[in-house]
Every structure is written in structure tokens, then in C-alpha cells.
Amino acid sequence: MTASPTIDPLEGYLVLDFSQFLAGPVAALRLADLGARVVKIERPGTGDIGRGLAFAGARAGSDTVSFHAMNRGKESLAADLKNPEDLAIVRRLVEQADVVVENFRPGVMERLGLDYESVRATNPGVVYGSITGYGEEGPWRDRPGQDLLAQSIAGLPWLQADPEPSPMGIAIADHLASCHLAHGITALLLRRARTGIGGHVRTSLLEAMVDLQFEMLSVRLTEPGALTQPVRGPHSAHSYLPAPYGVYPTADGYLSIAMNPVPRIGELLELRELVAMTDPQTWWEQRSRIETLIADRLRTDTTETWLRILDEADIWCAPLHTVDELVEHEGFRRIDMVQTLQRSEADGTRTEVTTTRMPLRIDGVRPRSASAAPSLGADSERLRDELAPHAEQAAERAS
């Protein structure tokens with residue numbers, strides 16, 4: 001018997017999001033996309049630093065487009081956690097929360113009295129999720145937890161060297177850490193449903209980067225001498241995979257070719273020298289030669305022409321799209337991952353943002369956000385009114 005697609009998996013759960021740009025808010029976003037009620041706790045006046053950190057300089061209304069993208073479907077409570085009155089309001093919310101998410105440096109939540117042990121004392125079943133840059137211990141503990149820095153400490157740019165170290169151009173550490181935290185939170189919610197026991201799940205940008213490189217690190221840890229820095233070819237897409245694995249220019253674009261036997265590629269591209277390379281060891285030893293021959297051949301015709309030839313032979317290959325080619329393609333439209341959200345600004349104007357949707361379907365339905373990202377403090381008054389009855393009940397119990 002399947003669940004109704006109209007019932008979101010996390011409907012009815014209250015999540016408090018103390019985090020800011022980027023991993024924590026995206027972890028909370030993943031919970032919001034699954035139906036949880038997410039209340040974002042923000043500093044009055046400035047709010048989440050993501051409101052001002054503009055990806056590509058793009059803004060929509062009073063906030064950045066990236067802030068809209070990672071905070072859709074949330075509510076915003078502006079609260080100064082150093083102000084006793086505001087802190088008391090937040091603590092009342094904490095007592096009711098199912099989930100708390102934070103990504104401060106180690107020690108910050110303890111100083112506020114909002115760390116896991118303090119929260120658990122008044123809310124024993126709480127599920128508490130923490131993201132740091134590099135864990136709670138060790139020599140990197142207090143370093144800034146930022147994506148490029150985490151990539152660098154974890155060695156990812158070294159792996160991408162071509163020929164100089166080259167980091168990923170997207171915030172991969174933040175995004176993967178957000179997935180891991182959301183995964184851990186939902187697992188603890190499932191445990192709580194079975195046993196009544198909450199818990200504290202932690203991850204870090206560093207751990208996300210280590211996990212991403214599990215193949216390479218497993219080889220290094222199992223056979224310490226196996227990972228000498230190889231000589232990459234001019235079109236190699238991976239340091240530790242042989243030719244023809246790479247990205248090649250065509251007459252009008254680029255074509256990516258994955259793991260394929262070099263002689264078979266030689267047959268299809270009419271390159272006799274490659275047809276003769278039947279020993280797989282030569283695919284390593286002569287990567288530069290192989291990749292140069294393939295590139296010179298592919299430059300003589302269009303990407304579409306070569307795709308037709310290689311696809312018919314079931315070769316693992318794909319066109320390399322620009323962002324414009326991607327979003328304008330029928331394949332992009334068919335996965336239905338775009339939504340347009342609107343909100344009212346303080347001056348009465350309407351802001352419209354077109355962004356992505358959750359990369360999952362639940363019972364065949366892809367969840368859609370119920371609302372746009374909130375303006376700073378947009379829900380403060382309503383949340384305070386909502387909490388007032390709880391405060392009165394607590395006072396009565398105390399007397």
C-alpha cells in the first residue's frame with residue numbers, strides 16, 4: 001500500500017534553522033522540500049550572510065538569487081541571540097522543535113546555551129544536526145569553514161590538476177555536506193519514531209570531501225605506493241583513468257568520451273594507430289598520444305556528427321553543454337526541475353525568482369515549494385504571537 005502523494009514525508013515536523021550560507025541552509029532546505037516547517041533564526045538588521053553574497057552578482061528584490069534558491073519554503077524569525085528577551089523566545093521555540101540545524105564554529109552554540117546537551121535537557125527527543133568546517137577536534141578545528149578552503153585541505157584541487165591545481169567551480173563541499181546532514185537527520189527522525197530517542201548528528205565539509213574521494217583514498221590507504229602523480233594527457237578528465245577518458249574539441253563544441261576500449265574508438269574514428277593498441281597498458285603509457293590523435297580527428301566535424309557515429313556503436317559519450325544549451329534543451333525540460341516563486345517586498349513590489357526543485361520524486365510526484373524565501377524577519381510577529389500561549393502555560397505550570 002503506497003502513501004498518498006499529497007502527504008509530504010516530513011509534514012508536521014518543526015525545524016529550527018540557525019545556520020547561514022551555505023551547507024546548513026541547504027540541509028534545512030532539503031527538509032523543507034520534504035514537507036517540514038522550517039523557521040530560520042536570523043540576526044536582526046543583516047540576517048543570513050547569504051542575503052548579501054551574490055552568486056554572479058545576481059539579486060532579486062532585497063536579497064541575492066542564491067539566497068532565494070537555498071531558503072525557499074522557510075519562515076524567518078529575526079532574533080538577537082545576545083538579547084535575553086529574544087533568546088527566551090528562541091528557547092521556547094527550541095522546546096517545541098523536532099529538529100535543530102546549526103553550522104557555527106565549534107563552541108558558539110555552547111556559549112549561547114543552545115548546544116545539543118542544553119537543548120536536550122528541555123527537549124529530550126530533539127534531533128540536532130551540526131555542520132562544521134573540519135570537525136570538532138584537531139588542528140583544523142577553528143579554520144574558516146568555506147568551500148574552496150575545504151576542497152583545498154582535502155586535496156581535491158590536486159586531484160584535478162591540469163596541469164595546475166584546479167578546484168571545482170561549484171560549492172561541492174557545502175552541497176554534499178548538506179546532503180549528508182539531511183540524511184542523518186531523517187535517519188534520527190526514523191529512529192525517534194521507533195524508539196522515542198532523539199540524537200545529535202554531525203558532519204563537516206572536510207568529511208564530505210573525504211567521502212567524495214572514497215575510491216582514491218581507499219587505493220591510497222590499501223596500497224600506499226599506488227598513487228604516484230600520473231602524467232595527464234592534454235584532454236584527460238581524470239588523473240587515474242586511462243585514455244580515452246576525457247573531453248575533446250569538435251568543429252563546433254566539445255565531446256566527452258568515457259571508459260571505452262581504445263581500439264574500438266580507433267575503428268569508429270578511422271585511426272589505424274589506435275586500432276593497433278590492443279594492450280591496455282598502452283592506454284596509460286601513451287595517453288598524450290592517444291588523446292591528441294582523437295582530438296585532431298574530432299576537430300574535423302561537428303559534435304552532432306560524431307555523436308551519431310558513436311551512439312550507434314553504443315560508445316559511452318556525451319555532448320558538453322554550456323549552461324544556456326542545458327536549460328534550453330528538451331531533456332532539461334522533461335525532468336521538470338524548475339519552479340517560479342514570488343514574494344512581496346517591504347515596499348509593496350513583487351519579486352519573482354525561477355529556481356530549481358527537489359531532485360527526488362515521492363510516489364511519482366516531485367515536491368514543489370509552498371512559498372518563496374522569506375524576507376528578513378517576515379514571520380517574527382506571527383511567531384511571537386504563536387508562542388505567547390505556550391509562555392503563559394509554562395508560567396502557570398511554574399506557579
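## Capping helix α3

A polar contact, as used here, is a pair of N or O atoms within 3.5 Å, and within protein one of them must be able to donate a hydrogen and the other to accept it. With that in hand, look at N83 in this predicted model: one of its side-chain oxygens lies 2.8 Å from the backbone nitrogen of E85, capping the N-terminal end of α3.

What about the rest of α3? The helix covers residues 84-96, and at 1.5 Å a residue its 13 residues should span 18 Å; the end C-alpha atoms sit 19 Å apart, which agrees. Its buried residues are D86, L87, I89, V90, L93 and V94. These take up an arc of only 155 degrees around the axis, so they end up on the same side of α3. On the face turned away from that buried side you'll find P84 and E85, both exposed.

## The six-stranded sheet

Now for the sheet. It's an open one with six strands, ordered β5-β2-β1-β6-β7-β8, and the pairing is parallel. At the edges stand β5 (74-78) and β8 (199-204); each has a single partner strand, so one side of each has no neighbour in the sheet. On average, neighbouring strands are turned by 20 degrees against each other, ignoring direction.

Zooming in on one edge, β7 (residues 127-132) pairs with β8 in the parallel sense over six bridges. Within that pairing, G129 stands opposite V201 of β8.

## Helices across the sheet

Which strands does α1 lie across? Helix α1 (residues 23-33) crosses β1 (14-17), β2 (37-42), β5, β6 (99-102) and β7, and runs at about 165 degrees to β1. Helix α9 (residues 205-212), for its part, lies across β7 and β8, with an angle of about 70 degrees to β8.

## A buried arginine

R72 belongs to the loop between α2 (65-71) and β5. Is R72 buried or exposed? Its relative accessible area is 3%, and buried means under 20%, so R72 counts as buried. The side chain of R72 also makes a polar contact with the side chain of S369, at 2.9 Å.

## The whole chain

Stepping back, the protein chain has 18 helices and 13 strands. Its C-alpha atoms fill a box of roughly 90 × 50 × 50 Å along the principal axes. Of the 399 residues, 44% count as buried. As for contacts with a separation of 6 or more, 66% of them come from residues 24 or more positions apart.

Terms used: Residues numbered from 1 in each chain as written. Predicted model: local features only at pLDDT ≥ 70, side-chain atom pairs only at ≥ 80, totals over all residues. Heavy atoms only, no water. Helix = DSSP H or I, 4+ residues; strand = E, 2+ residues; numbered from the N terminus. Expected span 1.5 Å × (residues − 1). Buried < 20%, exposed > 50% of the residue type's maximum accessible area, 1.4 Å probe, protein only. Arc of directions from axis to C-beta. Pairing = 2+ DSSP bridges. Axes fitted to C-alpha atoms, helices over the stretch in contact; angles between N-to-C directions. Contact = heavy atoms within 4.5 Å.
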